[in-house]
Amino acid sequence: MMRAAHSERTRCQPRFVEDRNGQAFALTVSKSALIVLVVIVVLAPRPALGQTGAFSLLASPGGITGTLVGTDYVNTFGNMNGLGIGAPNAGLTVSALSNGALYFSQYQVQFSSLPAGHTATLTAYVSTNFTHPAAQVVENCPNTSACTSSAGYSAMSTSAAAQTAVVASMGNGTTTVGIGVFIPDNDGASAFTGADGAAVINFTMTDLSTRKVLATATWTFNGAPAQTVQDAVQLTLATAPGGLSVAAAADYSMAFGNVNGLGIGPGAGLTMVAAAGGVIYSTPYLLNPAYTDFTSTTATISVYVSTNFAHPAILKMEDSGASAGPYATISTTAGVPTQITSAAADRASITRYLGMFVGLNNAPAFLGSDNATLTFTMTVP
């Protein structure tokens, strides 16, 4: 479920020199008894001396590697997903975006054999796209941009008549560029998972002084292991405006501080809600669902108390969709969790209110610290 990379300095050297030789044509014309033979010679103009040039695609340190087969560079980005979850293939960097994930790598372009004073450009386009082009989008970062972050990348052209600039202008030398594959969020009818067909990129080197095409090569995404789009799901918690801080570590944590059955002196971020036999300390928090490449466009989120307070008669965790309530006690049974919503949309934040009921605490009395653990589950059909 994933953008491209070079790790070892494997040298990709598609080199081409174009040469035109003079050609002769003969035309014979006959008329009655008189035979006239006319020979017409057409000399094709020869290119100016030194009209040569070549380019090589080279691995950048830490970037992707591949195999050069003739003039075709073959590689794979491996497993990718629209949330950028998990470690990418060796040599790739993954950047999670607001609408998908970009897998990318820097590589190098080397120009050689250009005449003194000449510069050339390198352009490219996707001549054969993936079978599911909405699930994988080839992206390019030219040498005029910083290719170490997703901001430098944009979709590569699929038209030979309007190619994308890879190297804007350069003489003999080496420059750094980037290539990537964008995996957008695709849910519902456009969802796709699995290995896709190969995509082929055509590169063309052109002399900017003579406008002559000097060399071409291709790059095919069709290596092993197969380039595969995976589905992915992720649920995160975050601090809501005006609420208690939600700290992210191995587990999320939230501290209600000092509490009492009368609701005296609540800490910052807490609101008091009256309740029979005590009081509820309430705080807003955010649920952030994200999922990609599922046929469903809604998800279900539930919660239960997986580790209860040591004093459950005095302290209880409660849930509500509004600050003022009503509040419902959160289930303590994994098999029958409390459902928060059955219509969670991809990347649509949900504000929820977590309440802590504190009893009057007279008999039996308890003073001191206590804690509980909540487990949230999101299910996407």
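**View 1. R347 is partly exposed and pairs with D185.** At a relative accessibility of 33%, R347 counts as partly exposed, a class lying between buried (under 20% relative accessible area) and exposed (over 50%), using a 1.4 Å probe and protein chains only. Its partner D185 has a relative accessible area of 19% and is buried. The two form a salt bridge, with the closest N and O atoms 2.3 Å apart; the term means a side-chain nitrogen of Lys or Arg within 4 Å of a carboxyl oxygen of Asp or Glu. This pair links distant parts of the chain, 162 residues apart: R347 sits in the loop between β27 (338–344) and β28 (350–359), and D185 in the loop between β14 (173–184) and β15 (194–195). Strands here are DSSP runs (E, at least two residues), numbered from the N terminus.

This is a predicted model, where local features need pLDDT of at least 70 and side-chain atom pairs count only at pLDDT 80 or more, while totals for chains, interfaces and linings use all residues. Residues are numbered from 1 along each chain as its sequence is written, and side-chain values use heavy atoms, leaving out hydrogens and water.

**View 2. D319 meets R352 in a salt bridge.** Here the closest N and O atoms are 2.9 Å apart. D319 belongs to strand β25 (residues 315–320) and R352 to strand β28, 33 residues apart. Both D319 and R352 are buried. How many salt bridges does a search of the whole structure find? There are two.

**View 3. Strand β6 runs parallel to strand β17.** Four bridges join β6 (residues 72–75) to β17 (residues 213–221). Y73 has W219 of β17 as its bridge partner.

Terms used
Pairing = 2+ DSSP bridges.
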